[in-house]
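Q: Hi! I have a protein model open and would love some help reading it. Could we go through it together?

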Amino acid sequence: MKCRHCEEELRDKFLDLGVMPPSNAYLSKEDLEKPEPKYPLRLLVCTNCWLVQTEDFVGRSELFTSEYAYFSSTSKSWLDHAAKYCEKIIPQLGLGPKSLVVEIASNDGYLLKNFLVAEIPCLGIEPTTSTAEVAESLGIPVMREFFGEKLGRALASEGKQADLIIGNNVFAHVPDINDFAKGLKALLKPKGTITLEFPHLMKMIEFSQFDTAYHEHFSYLSFGTAKAILKHAELVVWNVEELATHGGSLRVYAGHSNEEHPETAAVAALLAEESERGMQKSDPYQTFQGKADRIRGEFRAFLEGQKAWGQKVAAYGAAAKGNTLLNYANIKADLLPFVCDAATAKQGKFMPGSRIPIVPASALQEQHPDCLVILPWNIAEEIRQQNLEIEKRGARFVTAIPEIRIL
Ligand SMILES: [Zn+2]
């Protein structure tokens, strides 16, 4: 296989998690009777441009279906994050009623609804029907499409170029990242701005976040590599911010040139830090598999220990990353009988692979677990705060990444 960005032959393995179902393919009761599609989940690193990427096995139409059950608005902290971003970016770019804001992968309108309130014209691009319908019900116009150069050019030819293009957790989720970047270039007004948020590969390595690997997550990006990919599409990065979201993300600001916005000191500083940490050398990439294997062993041993001691364990948060962890550690309902989730779209279904049932949070009041494993560790504190009464009864909250930790 060749690198999706620079076409160099890929030789170096970063992570091999074996065979897994797509992380968002939640199962209905009827699905349990049928064989489950599973694909190898292997990540390779390009030793030319340092893009970490999944090996090609599965098409995106199988990953982002009309039944897609990830609704951004389920997380309060993510809604707050979106609202804060809008408060900051509207005055910073001087956006108003004559501007156009386009969000790619606009999901259920969790972010664009803030622009709607501010009376700034906006457009969402979102291929999954389940989420697009929710955004439309709020009054947000949505194009149900995958984004790339073709769509960027088509919109531009209709006179729909954007003053601001937002891509939150989509840049790393597209199979053809060069085509996506060219689409951004085509869709952007001459003085427009693009902001992209994606998990930072440097943090993924530092904090052993192997569970953020799943089939839908095609690319794992350092800042240097993201900047190079945008440059290849003739886009210039002029600022970067480090965010706490998803265990450590980047928000990259780009435009056609840096005439409007001179490059900030943060750009050179982060490039220097990545270089110091060896992000352009093989070493940090070689050690990652060992980190994943250590956590797999620890997590299994922890759950087996709890069972042996007669402790009741449950999990909270039927997140994609939880599926990676459960399936890699081969955890089934005998060790973890159920997973609670606030999203009604997931309740009554089963986790892909592990087939652990997903139930509403009210189950905690009936089952009284002694220990609650929070699978989306990135919002562990939010989940803990929402369930303090079970802590008062003596239950403990536990996260498994980067190691077993009792909150
Ligand atoms: Zn490459």
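Q: Let's start with the metal: which residues coordinate the zinc ion?
A: Happy to help, and keep in mind that this is a predicted model. The zinc ion is held by the SG atoms of C3, C6, C46 and C49, at 2.3 Å.

Q: What arrangement do the four donor atoms make around the zinc ion?
A: They are tetrahedral, because the angles they subtend run from 100 to 121°. For that label, all angles have to lie between 85 and 135 degrees. For comparison, the ideal angle for four tetrahedral donors is 109.5 degrees.

Q: What spacing do the donors follow along the chain?
A: The pattern is C-x2-C-x39-C-x2-C. Take C6 and C49 as a pair: they link distant parts of the chain, 43 residues apart. C6 sits in the segment before β1 (12-20), while C49 is in the loop between β2 (39-45) and β3 (52-54).

Q: And is C49 buried or exposed?
A: C49 is buried, as its relative accessible area is 12%. C6, on the other hand, counts as partly exposed because its relative accessibility is 27%. The cut-off to remember is that buried means under 20%.

Q: Switching to charges now. How many salt bridges are there?
A: The count comes to 25 salt bridges. The general idea is that side chains of opposite charge can pair when their charged atoms come close.

Q: Nice, can you walk me through an example? Which residue does R42 form a salt bridge with?
A: R42 pairs with D16, and their closest N and O atoms are 3.7 Å apart. R42 belongs to strand β2 and D16 to strand β1, so this pair ties together parts that lie 26 residues apart in sequence. Both residues are partly exposed, with relative accessible areas of 28% for R42 and 24% for D16.

Q: What about D163, which side chain does D163 meet in a salt bridge?
A: That would be K189, with an N to O distance of 2.8 Å. This pair also links distant parts of the chain: D163 is in strand β7 (residues 162-168) and K189 in strand β8 (residues 188-199), 26 residues apart. K189 is partly exposed, since its relative accessible area is 26%.

Q: And where does R277 come in, which residue does R277 meet in a salt bridge?
A: R277 meets E273, at 2.9 Å from N to O. R277 counts as partly exposed at 35% relative accessibility, and E273 is partly exposed too, at 24%.

Q: Which residues are linked in a network of salt bridges?
A: K88, E197, E241 and R251 are linked that way.

Q: OK, new topic: how many disulfides are there?
A: The count is zero. Take C340 as an example: the nearest cysteine sulfur belongs to C371 and is 12 Å away. A disulfide would need the two sulfur atoms within 2.5 Å, so this pair does not qualify. C340 itself counts as buried, at 0% relative accessibility.

Q: Let's look for empty space inside. How many cavities of 30 Å³ or more does the structure hold?
A: There are two of them. The second largest has a volume of about 30 Å³.

Q: Which residues line that second largest cavity?
A: Its lining is made up of L325, V373, I374, L375, W377, A400 and I401.

Q: I401 caught my eye. What kind of peptide bond joins I401 and P402?
A: A cis peptide bond, with omega at about 5°. P402 is placed in the loop between β16 (396-399) and β17 (405-406). As background, most peptide bonds are trans.

Q: Last topic, backbone angles! What is the phi of E119?
A: E119 has a positive phi of about 60°, although it is not a glycine. In general, most residues other than glycine have a negative phi. You can find E119 in the loop between α3 (112-117) and β5 (122-125), and it counts as exposed because its relative accessibility is 64%.

Q: And N330, where does N330 lie?
A: N330 lies in the loop between α12 (320-328) and β13 (339-340). Its phi is positive as well, at about 55°, and N330 is not a glycine either. With a relative accessible area of 45%, N330 is partly exposed.

Conventions: Residues numbered from 1 in each chain as written. Predicted model: local features only at pLDDT ≥ 70, side-chain atom pairs only at ≥ 80, totals over all residues. Heavy atoms only, no water. Donors = N, O, S within 2.8 Å, 3.2 Å for Na, K, Ca; no water. Tetrahedral: all angles 85-135°; square planar, octahedral: opposite > 155°, others 65-115°. Helix = DSSP H or I, 4+ residues; strand = E, 2+ residues; numbered from the N terminus. Buried < 20%, exposed > 50% of the residue type's maximum accessible area, 1.4 Å probe, protein only. Salt bridge = Lys/Arg side-chain N within 4 Å of Asp/Glu carboxyl O. 1 Å grid on protein atoms, 1.4 Å probe; cavity = no way out; pocket = protein on both sides within 12 Å on 5 of 7 lines; lining within 4 Å. Points joined across faces, edges and corners; volume = space filled by probe spheres on them.
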